[in-house]
Amino acid sequence: MTDTRLVHTVGARALEWLWAHRDGFRLEPDVDPEVGFLERFKPVGELGVICSVLFREGVAGSRQARLARGLLDHAWRDVLDGGRMLLHGQRTEPLSPIPWEVYLPFKELGYDLPDLERHALLNLRLDSWAALETKPNRRLGLSAFQRRAGLTPRPHEQEALAATWLARTPEPWTVEGHIAYDVTHTVFHLTRWGEDPDGLPARLADYLAAWLPVWLDDWRDLRHWDLMGELLVVDACLPRPTFDEAAWEAFAGAQQPDGAMPAVRDLPATDDAQDLFDVVYHPTLVAAFASTLATSRALSDLAHAS
């Protein structure tokens with residue numbers, strides 16, 4: 001059994017780094033839309049999702065909770081300009097799901113912008129939006145976001161699931177990096193980011209229970225900490241998590257003293273703070289996510305066993 005103090009400490013340190021480097025969450029409002037204005041929303045959206053998990057699970061200490069709320073306030077007020085940058089993005093690219101995906105976790109945490117909701121919900125009802133061509137696990141995620149918004153998913157989540165790699169339970173040794181990321185996000189969408197382990201069909205849970213330990217060993221040997229963190233989240237999403245001790249010890253050992261988590265192997269050698277943030281923010285957010293969910297599941301299992 002993994003030491004829950006070690007797991008919890010990973011998340012606490014990750015939040016400290018994210019707070020200290022919060023200025024790295026920024027937009028480029030003057031960039032040409034054709035070269036990725038909406039791409040800069042991605043870190044903010046991921047921050048919203050992870051903080052929503054932290055508040056939902058209720059295992060954060062008082063300082064962690066304050067840092068998470070401070071990060072959300074900073075992102076909403078200073079990065080998104082009270083949500084107005086999301087509205088600008090929605091008007092710039094009406095069919096893009098990104099502004100709405102970023103907005104939804106903030107709305108669920110008490111931040112709102114009615115003008116954006118009216119704009120986005122109108123677009124979500126268009127046949128053109130439902131016909132957007134995208135990867136199967138991405139389509140599953142879009143259907144899940146529609147459901148969370150109170151709309152009828154198009155396509156239905158089970159229909160979207162059928163087209164994913166994981167749903168076919170292929171030969172497990174064929175997993176490569178991009179496939180593994182697809183698997184992790186399929187699990188996140190099915191379980192509502194770890195809220196509902198029973199949302200994972202039993203045959204998929206059995207497949208993952210058999211092969212996830214092998215994949216964790218592989219990416220631990222490769223020192224691919226970003227992907228390994230996501231796989232540790234998947235473990236915590238299973239009906240019966242393993243809390244792989246060797247994996248967690250290696251993952252915690254890769255974390256830097258200031259809380260930063262390298263993406264692969266070690267931190268990049270750069271003096272540019274923004275370049276460093278762009279490489280490190282995601283694995284560090286994932287570390288906070290994995291820590292929160294694994295701590296919550298472990299404490300819950302201990303409570304049920306006593």
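1. A small feature of the backbone makes a useful starting point: just after helix α5, residue G110 adopts a positive phi of about 105°. Please keep in mind, here and in every point below, that this is a predicted model.

2. The helix that comes before this glycine, α5, spans residues 98-108 and is mostly covered, since nine of its eleven residues are buried. The buried residues of α5 are I98, P99, W100, E101, V102, Y103, L104, P105 and F106, and it is worth finding each of them in the structure. Which helices do the buried residues of α5 pack against? They pack against α2 (41-57), α3 (62-79), α4 (84-92), α6 (114-124) and α8 (136-148).

3. One of those buried residues, F106, appears again when the nonpolar interior is examined. The largest nonpolar core has 99 residues, and within this core F41, L80, F106, L208 and W215 touch the most other members. Helix α14 gives the most to this core, contributing twelve residues.

4. L208 deserves a closer look, as one of the residues that touch the most other members of the core. When its neighbours within four places in sequence are left aside, L208 is in contact with L166, V183, V187, L200, P213, W215, V234 and L238. W215, which is among these contacts of L208, is also listed with the residues touching the most other core members.

5. Helix α14 (residues 273-305) also packs with helix α1 (residues 4-20), at an angle of about 145° and with the two axes 8 Å apart, and the crossing in which α1 passes α14 is left-handed. On the α1 side, the residues that meet α14 are T4, V7, H8, V10, G11, A14, W17 and L18. On the α14 side, they are F277, V280, Y281, T284, L285, A287, A288, S291, A294, T295 and A298. The residues of this contact between α1 and α14 divide into 13 nonpolar, six polar and no charged. As background for reading such lists, an α-helix has 3.6 residues a turn, so residues three or four places apart point the same way.

6. How many disulfides does a search of the whole structure find? The search finds zero. For C51 the reason is distance, because the closest cysteine sulfur, in C237, is 17 Å from the sulfur of C51, which is too far for a bond. C237 is likewise in no disulfide, with the sulfur of C51 as its nearest cysteine sulfur. Both cysteines are buried: C51 has a relative accessible area of 2%, while C237 has a relative accessibility of 0%.

Methods. Residues are numbered from 1 along each chain as its sequence is written. This is a predicted model: local features need pLDDT of at least 70, side-chain atom pairs count only at pLDDT 80 or more; totals for chains, interfaces and linings use all residues. Side-chain values use heavy atoms; hydrogens and water are left out. Axes are lines fitted to C-alpha atoms, for helices over the stretch in contact, and angles run from 0 to 180 degrees between N-to-C directions. Helices (H or I, at least four residues) and strands (E, at least two) are DSSP runs, numbered from the N terminus. A crossing is left-handed if the near helix is turned anticlockwise from the far one by less than a right angle, and right-handed if clockwise. Contact means heavy atoms within 4.5 Å. Ala, Val, Leu, Ile, Met, Phe, Trp, Tyr, Cys and Pro count as nonpolar, Asp, Glu, Lys and Arg as charged, and the others, Gly among them, as polar. A disulfide is a pair of cysteine sulfur atoms within 2.5 Å. Buried means under 20% relative accessible area, exposed over 50%, partly exposed in between (1.4 Å probe, protein chains only). A nonpolar core is a set of buried Ala, Val, Leu, Ile, Met, Phe, Trp, Tyr and Cys residues joined through side-chain atoms within 4.5 Å.
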